[in-house]
Amino acid sequence: MTVVVDTSALISLAVGDVLDDAIAAFDIVTTPTVIEEVEKTAEYDDRHGTAATAVLRQRDAITVQDADGAPFETSRVDAGEASCVAAARDGNAAFLVTDDYRALPELQGLVDAEVAVSPIVLRALVKRDALSAADAETAFETIAAGRDWLDAPIYRYARRLFEE
């Protein structure tokens with residue numbers, strides 16, 4: 001299954017220490033624009049920089065796809081997300097994964113793929129028996145704490161994925 005993943009979601013999966021599991025289970029696709037954003041994030045000396053460095057260590061296991069189509073940005077969709085929209089369209093992806101909660105509705109209108117936040121990957125890993133439910137829950141809470149989601153709308157939204 002092809003899953004297009006943007007910068008925020010790649011960072012989240014690395015924060016939750018499940019990026020390797022996701023790469024093993026899915027064809028993870030991203031774009032050169034996203035890789036540039038990850039490289040910039042890796043320059044920071046904080047948990048996001050550390051996570052970005054982990055993503056870059058896995059770059060050879062991630063398909064970096066040049067996306068056709070004119071790049072665009074809106075007030076809610078940045079360059080990385082826009083490039084992922086083009087990649088999802090070009091590659092017939094099943095999912096476009098982003099952790100930009102504000103952009104979700106707009107992104108869903110731009111692609112045929114399902115648009116979701118990174119915890120959907122955790123749920124899918126559980127369904128594929130690649131991760132236990134307890135490990136997925138731990139990864140989710142690690143992501144939420146590490147990405148400052150606690151008490152934020154994205155936390156409540158993603159939490160529902162574990163209650164279904």
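Lys and Arg count here as positive and Asp and Glu as negative, while His and the chain ends are not counted; the place of a charge is taken as NZ of Lys, CZ of Arg, CG of Asp or CD of Glu. The exercises below concern a predicted model, in which local features need pLDDT of at least 70 and side-chain atom pairs count only at pLDDT 80 or more, whereas totals for chains, interfaces and linings use all residues. Residues are numbered from 1 along each chain as its sequence is written, and side-chain values use heavy atoms, with hydrogens and water left out.

**Exercise 1. Charges and overall dimensions**

Task: State how far apart the mean positions of the positive and negative charges of the chain are, and decide whether the radius of gyration agrees or disagrees with that of a compact globule.

Solution. Begin with the charges: the chain carries 14 positive and 31 negative ones, and their mean positions are 5 Å apart. Next, take the radius of gyration, which is computed over C-alpha atoms and set against a globule rule of 2.2 Å times the number of residues to the power 0.38. For 164 residues a compact globule would have a value near 15 Å, and the 14 Å of the chain agrees with this. Along the principal axes, the C-alpha atoms fill a box of roughly 40 × 35 × 30 Å. Finally, turn to the surface, for which accessible areas come from the Shrake-Rupley method with a 1.4 Å probe, and only the protein chains shown count as cover for residues. The accessible surface of the chain is about 8000 Å², and 46% of that belongs to carbon and sulfur atoms.

**Exercise 2. Secondary structure and the enclosure of α1**

Task: Give the order of helices and strands along the sequence, and determine how many residues of helix α1 are buried.

Solution. Helices (H or I, at least four residues) and strands (E, at least two) are DSSP runs, numbered from the N terminus. On this basis the chain has nine helices and five strands, arranged along the sequence as β-α-α-β-α-α-β-α-β-α-β-α-α-α. For burial, the cut-offs are under 20% relative accessible area for buried, over 50% for exposed, and partly exposed in between (1.4 Å probe, protein chains only). Buried residues make up 48% of the 164 residues in the chain. In helix α1 (residues 7-15), nine of the nine residues are buried, so this helix is largely enclosed by the rest of the structure; among them are Thr7, Leu10 and Val15.

Ser12, which is placed in helix α1, has a relative accessibility of 0% and counts as buried. With contact meaning heavy atoms within 4.5 Å, and with residues up to four places away in sequence set aside, Ser12 touches Asp99, Ser118, Ile143, Arg147 and Trp149. For the chain as a whole, 64% of the contacts with a separation of 6 or more involve residues 24 or more positions apart. Just after α1, Asp17 takes a positive phi of about 60°.

**Exercise 3. Aromatic pairs and the α8–α9 loop**

Task: Count the aromatic pairs, and explain why the pair of Phe140 and Tyr155 ties together separate parts of the chain.

Solution. Rings of Phe, Tyr and Trp (its six-membered ring) pair if their centres lie within 6.5 Å, and planes under 30 degrees apart count as stacked, over 60 as edge-to-face and the rest as tilted. The rule yields two aromatic pairs. One of these, Phe140 with Tyr155, is stacked, at 5.3 Å centre to centre and 20° between the planes. Because Phe140 lies in helix α8 (residues 133-146) and Tyr155 in helix α9 (residues 153-159), the pair ties together parts that are 15 residues apart in sequence. Both Phe140 and Tyr155 are buried.

The loop between α8 and α9 contains Asp148 as well as Asp151. Asp148, although not a glycine, has a positive phi of about 60°, and with a relative accessible area of 52% it is exposed. Asp151, also a residue other than glycine, has a positive phi near 65°, and at 73% relative accessibility it counts as exposed.

**Exercise 4. Two residues of helix α3**

Task: Establish which residues Pro32 touches and with which residues Glu39 is in contact, leaving aside neighbours within four places in sequence.

Solution. Pro32 is found in helix α3 (residues 32-42) and, at 28% relative accessibility, counts as partly exposed. Beyond residues up to four places away, Pro32 touches Val64, Gln65 and Asp66. Glu39 is likewise found in helix α3 and is partly exposed, with a relative accessible area of 31%; outside its sequence neighbours within four places, Glu39 is in contact with Leu56 and Arg59.
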